[in-house]
Amino acid sequence: MVSILEPIYEEDFLGFSYGFRPGRGPHQALDALVVAIERRPVRWILDADIRGFYDHVDHEWLLKFVEHRVADPRILRLIQKWLKAGVSEDGQWSETKVGTPQGAVVSPLIANIYLHYVFDLWVHAWRRKMARGAVIVVRYADDLIVGFQYRQDAERFQRELQDRLAKFGLELNADKTRRIEFGRWAERDRKRRGEGKPETFDFLGFTHYCGKHRKGYYCVWRKTSRKRLVAKLQQIKQQLRYRRHESIPEVGEWLQRVVTGYYNYHAVPGNLGSLSLFQIRLGRLWRQTLRRRGDTRTDHRQGHAAPGRDP
């Protein structure tokens with residue numbers, strides 16, 4: 001089903017949508033965002049978070065959206081069956097009236113279709129008809145970043161976005177949605193007002209902040225977000241405990257794959273400090289693991305574990 005629908009919607013999806021699309025990925029979205037901020041007159045950033053998006057997709061609206069492009073009733077019936085497959089918890093089945101099926105291959109495409117009509121087409125028209133200045137947009141699945149030249153545009157857009165989402169059963173997460181001053185003029189303007197450095201924002205695991213290139217011109221720097229770094233180290237620590245009965249070479253091979261994947265994602269310009277910190281703390285975890293294994297010696301004279309040490 002995804003193989004059939006994906007080429008159809010790839011003709012419709014807009015250029016600032018990057019999530020779960022063939023030939024596109026998070027690095028393209030990150031690079032597009034940095035280039036847009038650096039080259040366009042961006043002064044304000046809206047870091048928008050949709051509360052529980054995948055759990056609040058309205059089935060009726062989604063089917064209406066699909067019917068705009070797909071006329072085959074068999075496909076519509078199959079999508080409807082997926083949506084109403086329900087949830088089995090503790091042996092009890094319950095029907096789902098909203099949300100996308102968790103873990104289903106079709107869920108990312110369904111989410112993109114929903115947001116294409118709810119957000120993408122709307123914001124594309126809004127910035128042409130309503131905005132006074134430049135507006136940039138980057139969307140990766142339900143992660144949204146919108147940049148504005150003027151504060152008035154940013155404030156008006158946030159209000160109207162709330163109304164737009166409410167029409168389709170969605171809402172902004174007030175605790176995580178932030179409008180901040182950001183861009184090449186942010187530091188100068190805030191210093192003139194006696195305020196601190198420009199705020200930062202997180203997108204796809206990276207903290208974005210204003211800085212300067214070694215040649216002196218403005219640029220946007222990225223570093224691994226502290227939350228992402230701590231979560232990854234905690235995950236590795238738990239896995240090392242879980243794998244404590246495996247041989248050291250086996251654990252080492254697994255750890256190498258994990259580290260390689262982490263570096264492949266987070267190795268971006270300007271992130272050397274965060275990668276070095278990750279390496280240092282990871283080395284500490286690995287040494288602690290090897291020491292614990294070394295402390296499992298037994299006292300052969302007594303035939304039992306040495307005092308104070310786990311067997």
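These questions and answers walk through a predicted model, from its four-stranded sheet to helix α9 and the β7-β8-β9 strands.

Biologist: In what order do the four strands of the open sheet stand?

Modeller: The pairing in this open sheet is antiparallel. The twist averages 15 degrees from one strand to the next. Across the sheet the order is β4-β5-β1-β6.

Biologist: Which strands stand at the edges, each with a single partner strand?

Modeller: An edge strand here has one partner, so one of its sides is left without a neighbour in the sheet. The two are β4 (135-140) and β6 (178-181).

Biologist: Which residue in β6 stands opposite L46?

Modeller: Strand β1 covers residues 44-49 and pairs with β6 over four bridges. The sense of that pairing is antiparallel. Opposite L46 stands R179.

Biologist: Is R179 buried, partly exposed or exposed?

Modeller: R179 lies in strand β6. Beyond its sequence neighbours up to four places away, R179 touches W44, I45, L46, A154, E155 and Q158. The cut-offs are under 20% for buried and over 50% for exposed. At a relative accessible area of 31%, R179 is partly exposed.

Biologist: Which helix lies across β1, β5 and β6?

Modeller: Helix α5 (residues 107-129) also packs on the sheet, but it touches β4 and β5. Its direction makes about 175 degrees with that of β4. The helix across β1, β5 and β6 spans residues 151-167 and runs at about 15 degrees to β1. That helix is α6.

Biologist: How far does α9 reach from its first C-alpha to its last?

Modeller: Helix α9 covers residues 248-266, which is 19 residues. At 1.5 Å a residue, 27 Å is expected. The model comes close to that, with 26 Å.

Biologist: Within what arc do the buried residues of α9 fall?

Modeller: The buried residues are V251, W254, L255, V258, V259, Y262, Y265 and H266. Seen down the axis, they line one face of the helix. The face turned away carries the exposed residues P249, Q256, R257 and N264. The buried set falls within an arc of 135 degrees.

Biologist: Are α8 and α9 roughly parallel or roughly antiparallel?

Modeller: Elements covering the buried residues of α9 include α8 (226-242) and α10 (272-294). In α8, R228, L229, K232, I236, Q239 and L240 meet residues of α9, among them W254 and Y262. The two axes come within 12 Å and cross at roughly 170 degrees. Angles over 145 degrees count as roughly antiparallel, so that is the answer: roughly antiparallel.

Biologist: What separation do the C-alpha atoms of R179 and Y262 have?

Modeller: R179 belongs to β6. Y262 is among the buried residues of α9. They are 83 residues apart along the chain, and their C-alpha atoms are separated by 30 Å.

Biologist: How many residues of β8 are buried?

Modeller: β8 (206-212) is part of what covers the buried residues of α9. β8 pairs with β7 (residues 201-203) over three bridges, and with β9 over seven. β8 itself is mostly covered, with buried residues numbering five of its seven.

Biologist: Which residue takes a positive phi in the hairpin of β8 and β9?

Modeller: In the β7-β8 hairpin, with two residues between the strands, L204 in the turn has a positive phi of about 55 degrees. The hairpin of β8 and β9 has five residues between its strands. There K212 has Y218 as its bridge partner in β9. The residue with a positive phi near 105 degrees is G216.

Note on methods:
Residues are numbered from 1 along each chain as its sequence is written. This is a predicted model: local features need pLDDT of at least 70, side-chain atom pairs count only at pLDDT 80 or more; totals for chains, interfaces and linings use all residues. Side-chain values use heavy atoms; hydrogens and water are left out. Two strands pair if DSSP finds at least two bridges between them. Axes are lines fitted to C-alpha atoms, for helices over the stretch in contact, and angles run from 0 to 180 degrees between N-to-C directions. Contact means heavy atoms within 4.5 Å. The expected span of a helix is 1.5 Å times one less than its number of residues. Buried means under 20% relative accessible area, exposed over 50%, partly exposed in between (1.4 Å probe, protein chains only). The arc is that of the directions from the helix axis to the C-beta atoms. Angles under 35 degrees count as roughly parallel, over 145 as roughly antiparallel, 65 to 115 as roughly perpendicular and the rest as oblique.
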